[in-house]
Amino acid sequence: MTDQTSELLYMRAKLRLPGGVNSPVRAYQAVGRTPRFIQSAKGSHITDVDGNEMIDYVCSWGPGILGHADSRVIEKVKAACEEGLTFGAPTEREVEMAELLAQLVPSMEVSRLVSSGTEATMSAIRVARGYTKRDKIIKFRGCYHGHSDGLLVKAGSAALTTSVPDSAGVPADFTRHTLVAEYNSPDSVKALFEAYPDEIAAIIVEPVAANMGVVPPADGFLEFLREITKHYGALFIFDEVITGFRLALGGAQEYFHITPDLSTFGKIIGGGMPVGAYGGREDIMRMVSPDGPVYQAGTLSGNPIATAAGLATLRILEADTDIYMRLQENTAMLADAVRHAAGNRVHVNQIGSLMSIFFTGEDVTDYDSATTADTKAYADYFGFMLDHGIYVAPSQFESMFVSDAHTDADIQKTIHVMQEYFAE
Ligand SMILES: Cc1ncc(COP(=O)(O)O)c(C=O)c1O
Ligand SMILES: N[C@H](C=O)CCC(=O)O
């Protein structure tokens, strides 16, 4: 396997792009390898510019639940392109998307489409503040909600491996109202509400944390958050940018039977195109301009090509009643195989089609235990997998994503390579 063309491109890229990339995690800094520049992808396989074909478990960080370039989605995108790329005016597909979201995720009574997960979470927070007339929010250490100033505090994802959980360039005043609690620790949340009983507008949470590696919620944790927000008159925001349409058709809220006040979506709802959405209870969402005083706008919001890809994807998921069972079974097979092969050298967290192999002997239930993982050991594992044609996340603190395009043969090959690695 050569990566000569990737290396040359990386050298060129570094001259004109920070770190040679347009999103930090792609630079492979956490695993000390040259990033693969991608030529194409189809189904479960991704091919780099040197012609290396790999089984892909990054799936563009989540959107690719059907695998790459699903022909049913591509067909709709092609037809939409013929009609025009953007109009800056409303289209029927935006209405269909909002209707479908409300049908599949009943808490999404009214929604607004945006162009990224970052915009969705930033806007949901603004609405929560406008509605409650309070300024403070609670987020959890190690959870990532995109890169808006107020949420880039103790953040996960690449902010964890590049040592910038609190980014430079964000004035302290901008994050003054962001309170940080510990994921899976009700006490840490209780203490903040006791300190600021009338000042907290909302809690925002990844219902399954997936940006410090995958950390599922402890029994009763999400229920506790639902109760305490109600008690103190704060809103509860589910950031479903990763979990939405991945854990279940109705997202994490269906999976865990919790009804948040507001939710944010991205990734899968764009079917591979740039989309985000935020929405929730009608009385709250009517605060959004032009119905109400909370301003939020976007030139490309609800883009006709992105909504075509998103609608096609959601309709396929809606029609395929067994898909979430298949995803769970295949991912559990991978998780069990690793547990068996690696024993207590690793801790594997898996829920639905999300999975992380933590290189630690500890149970991983929160930020502190996640960060006991040996990132050098992960880098070694990553390199072995890459060299054997398996493309996993180039960071210990990202999820592995399984798609419906992964075949039995893909899963068996992956298990075989994992077993080989852990046998060494
Ligand atoms: C849970 C979560 N929220 C928000 C975001 C931000 O989404 P985007 O990268 O599309 O801005 C991400 C991923 O980046 C995410 O994983
Ligand atoms: N963890 C991030 C999103 O979920 C990874 C994507 C990125 O930041 O490029």
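Which residues does Lys267 touch, not counting residues up to four places away in sequence? That was my opening question, and I took it to a predicted model.

**Entry 1: Lys267**

I looked up the contacts of Lys267 and found Trp61, Gly62, Pro63, Gly117, Val241 and Ile242, leaving out residues up to four places away in sequence. I then checked the UniProt record, an unreviewed entry, which lists Lys267 for "modified residue: N6-(pyridoxal phosphate)lysine". Next I placed the residue along the chain: Lys267 sits in the loop between β9 (262–265) and β10 (276–280). Is Lys267 buried or exposed? I noted 28 C-beta neighbours inside 10 Å, so Lys267 counts as buried; the cut-off for that is 20 or more.

**Entry 2: ligand 1**

I turned to ligand 1 and found 13 residues around it. Those that come nearest are Ser116, Gly117, Thr118, Gly146 and Val241. Gly117 and Val241 were already in my notes as contacts of Lys267. Which helix gives the most to this shell? I found that helix α4 (residues 117–132) does, with three residues. I also sorted the shell by class, and wrote down eight polar, three nonpolar and two charged residues.

**Entry 3: ligand 2**

I did the same for ligand 2, which has nine residues around it. Here Ser23, Val25, Trp61, Ser157 and Asn211 come nearest. Trp61 is a name I had met before, as one of the contacts of Lys267. By class I recorded five nonpolar, three polar and one charged in the shell around ligand 2. I wanted to know where these residues come from, and domain 1 (4–69 + 321–423) and domain 2 (71–319) each supply at least three of them.

**Entry 4: the two domains**

That sent me to the domain assignment, which gives domain 1 as 4–69 + 321–423 and domain 2 as 71–319. Their centres, taken over C-alpha atoms, are separated by 24 Å. How many residues does the contact take from each domain? I found 33 residues from domain 1 and 36 residues from domain 2. On the domain 1 side, the elements that give two or more residues are α12 (323–342), β11 (347–351), β12 (354–358) and α13 (367–370). I marked β12 as the element that gives the most to that side, with four residues. By class, the side of domain 1 that touches domain 2 has 18 nonpolar, 13 polar and two charged residues.

**Entry 5: strands β4 and β7**

I moved on to strand β4 (residues 110–114) and found four of its five residues buried. Its pairing with β10 is antiparallel, over five bridges. For one position to look at, I picked Leu113, which stands opposite Ala277 in β10.

Strand β7 (residues 200–205) came next, with six of its six residues buried. I followed its pairing to strand β5 (residues 136–140), which is parallel over three bridges. Within that pairing, Ile137 has Ala202 in β7 as its bridge partner. I also followed β7 to strand β8 (residues 235–239), where four bridges join the two strands and the run is parallel. There I noted Val205, whose bridge partner in β8 is Phe238.

**Entry 6: an open sheet**

I traced a sheet of four strands, in the order β1-β2-β3-β13; it is open, and the pairing is mixed. Why do β1 (38–42) and β13 (390–391) each have one side without a neighbour in the sheet? They stand at the edges, each with a single partner strand, so one side of each is left free of a neighbour there. Inside the sheet, strand β2 (residues 45–48) and strand β3 (residues 53–56) pair in the antiparallel sense over three bridges. I picked out Thr47, which stands opposite Glu53 in β3.

**Entry 7: Ala393**

My last stop was Ala393, found in the loop between β13 and β14 (400–401). Is Ala393 buried or exposed? I logged Ala393 as buried because 21 other C-beta atoms lie within 10 Å. For contacts, not counting residues up to four places away in sequence, I listed Val58, Glu398, Ser399 and Met400. I also checked Ala393 against Val214: the two are 179 residues apart along the chain, and their C-alpha atoms are separated by 12 Å.

Conventions:
Residues are numbered from 1 along each chain as its sequence is written. Chains are lettered from A and ligands numbered from 1 in the order in which they are written. This is a predicted model: local features need pLDDT of at least 70, side-chain atom pairs count only at pLDDT 80 or more; totals for chains, interfaces and linings use all residues. A residue is near a molecule or strand if its C-beta atom, placed from the backbone, lies within 6 Å of it. Ala, Val, Leu, Ile, Met, Phe, Trp, Tyr, Cys and Pro count as nonpolar, Asp, Glu, Lys and Arg as charged, and the others, Gly among them, as polar. UniProt positions are given in the numbering used here, feature names are shortened, and annotations may be inferred rather than shown by experiment. A residue is buried if 20 or more other C-beta atoms lie within 10 Å of its own, exposed if 12 or fewer, and partly exposed in between; C-beta atoms are placed from the backbone. Two residues are in contact if their C-beta atoms, placed from the backbone, lie within 7 Å. Domain bounds come from an automatic or database domain assignment. Two strands pair if DSSP finds at least two bridges between them.
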